[in-house]
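Have your viewer open and your selection tool ready. We will go from stop to stop, and at each one you will hear what to select and what is there.

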Amino acid sequence: MLTQATDNIDIEQDQSKLEARYQAKKIVKTDQASKRPSVGFGIMIMNEFDEVLVSQRLEPGKVGHLKWQFPGGHLEYAETFEQGTIREVEEEAGVVLPSERIKYMTTLNMIEEEYSYHYIGIIMFISVKKQEFPFFNNEPEKQTDWEWIAWEKLIHFRNLFTPFKHLRDQGYADINKIKSQFGLF
C-alpha cells in the first residue's frame, strides 16, 4: 500500500515536471513565432518618363514615418501577389490596376533590428502612361498625396522606406536594369 502511494506521488511529480517543461517550450515557441518575418509587398508603378508613383508615410512612432514609399502593404491569407497588389493600390490610391500587366520584380529580405523589423518584401512592377489612371490619396491619415518622381532622382533621397535601400543594393538604382527586365527599351 505504501509503495503504491509513493509511486502515485512520483508519477504526479513527473507529470508536473513534464507540464512545466511543456509550458516553458510553448512560451519559447510563442516568442520565436512573434519574431518570424512578415510578408509585405510594394509595386513600382513607372510611367513613360521614368517616374515612379510614391508618397510619404504619415504614421508617427512607426517604422518608416515620413519616408518615401510605393503603394503596398501586407499579403493577406490565400492572396496571390497580383491580387494583393490590386487590392492595396485600390485601397491606397483609388485605382484598380489590370492584373495581366502586373509583373514580379524581385524579393527582398529586409531587416532593421533597431526597430525589430523583419519583412520579406515582394516587389511588383507595372508600366503605365502618366495620365492613364487617376491616382489619388485614399488614405490621407496614413500618407501624403501620391506624386510622380523621377526614379533616378528618388533612389538617392535620404528618407526612403526600407525596400528602396534593398532595391539599390540589388542594382535597381540603374533605370536601365529595370527597363531591360521588363522589355521597355
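## First stop: an exposed loop

Start by selecting Ala78, which counts as exposed because its relative accessibility is 68%, above the 50% cut-off. Keep in mind along the way that this is a predicted model. Ala78 belongs to the loop that runs between β4 and α2. Look at its backbone too: phi is near 65 degrees, a positive value in a residue other than glycine. Most residues other than glycine have a negative phi.

Now jump to Ser116, in the loop between β5 and β6. Here again phi is positive in a residue other than glycine, near 55 degrees. Ser116 is exposed as well, with 72% relative accessibility.

## Zoom out: the whole chain

Show the chain as a cartoon and colour it by secondary structure. You should find five helices and seven strands. Followed along the sequence, they give the pattern α-β-β-β-β-α-β-β-β-α-α-α. Of the 185 residues, 38% count as buried. Among contacts with a separation of 6 or more, 66% are between residues 24 or more positions apart.

## Strand β1 and its neighbours

Select β1 (38–46). This strand is mostly covered, with seven of its nine residues buried. Which strand pairs with β1 in the parallel sense? It is β6, and nine bridges join the two. To see one position in that pairing, pick Gly42 and look across to Ile123 in β6, which stands opposite.

β1 also pairs with β4, this time antiparallel and through three bridges. Pick Phe41 and you will find its bridge partner in β4, Gly73.

## Helix α2

Next, select residues 81–93, which make up helix α2. If you like to check geometry, try the distance between its end C-alpha atoms. Its 13 residues should span 18 Å at 1.5 Å a residue, and the ends are 17 Å apart, which agrees.

Show the side chains of the buried residues of α2, among them Ile86, Val89 and Ala93. The buried residues of this helix pack against β1, β4 and β6.

One residue to centre on is Thr85, which lies in α2. Is Thr85 buried or exposed? Thr85 counts as buried, since its relative accessibility is 0%. Leaving aside residues up to four places away in sequence, Thr85 touches Phe41, Ile43, Ile102 and Met124. Just after the helix comes Gly94, with a positive phi near 70 degrees.

## The nonpolar cores

Now for the interior. The largest nonpolar core has 25 residues, and those touching the most other members are Met44, Met105, Trp151, Leu154, Phe164 and Ile178. Elements giving two or more residues to this core include β1, β2 (51–56), β5 (103–112) and α5 (175–181). The largest share, four residues, comes from β6.

Apart from this core lies another, of 17 residues. To find it, select Phe41, Ala93, Phe133 and Phe135, which are among its members.

## Phe164 and the aromatic pairs

Return to the largest core and centre on Phe164, which is buried at a relative accessible area of 2%. Not counting residues up to four places away in sequence, its contacts include Val54, Trp68, Gln69 and Leu154.

Turn on the aromatic rings across the model. With ring centres within 6.5 Å counted as pairs, there are nine aromatic pairs. The rings of Phe70 and Phe164 are tilted, because their centres are 4.6 Å apart and their planes meet at 50 degrees. Phe70 sits in the loop between β3 (68–69) and β4 (72–74) while Phe164 is in helix α4 (residues 162–169), so this pair ties together parts that are 94 residues apart in sequence. Phe70 is buried too, with a relative accessible area of 7%. Add Trp151 to your selection and you have the cluster that ring pairs form from Phe70, Trp151 and Phe164.

## Last stop: charges over rings

Finish with two side-chain pairs. Select Arg57 and Phe161: the charged end of Arg57 sits over the ring, 4.1 Å from its centre. Then select Lys177 and Tyr172, where Lys177 lies over the face of the tyrosine at 4.4 Å from the ring centre.

Terms used
Residues are numbered from 1 along each chain as its sequence is written. This is a predicted model: local features need pLDDT of at least 70, side-chain atom pairs count only at pLDDT 80 or more; totals for chains, interfaces and linings use all residues. Side-chain values use heavy atoms; hydrogens and water are left out. Rings of Phe, Tyr and Trp (its six-membered ring) pair if their centres lie within 6.5 Å; planes under 30 degrees apart count as stacked, over 60 as edge-to-face and the rest as tilted. Buried means under 20% relative accessible area, exposed over 50%, partly exposed in between (1.4 Å probe, protein chains only). A charge sits over a ring if NZ of Lys or CZ of Arg is within 6 Å of the ring centre and within 35 degrees of the ring normal. The expected span of a helix is 1.5 Å times one less than its number of residues. Contact means heavy atoms within 4.5 Å. A nonpolar core is a set of buried Ala, Val, Leu, Ile, Met, Phe, Trp, Tyr and Cys residues joined through side-chain atoms within 4.5 Å. Two strands pair if DSSP finds at least two bridges between them.
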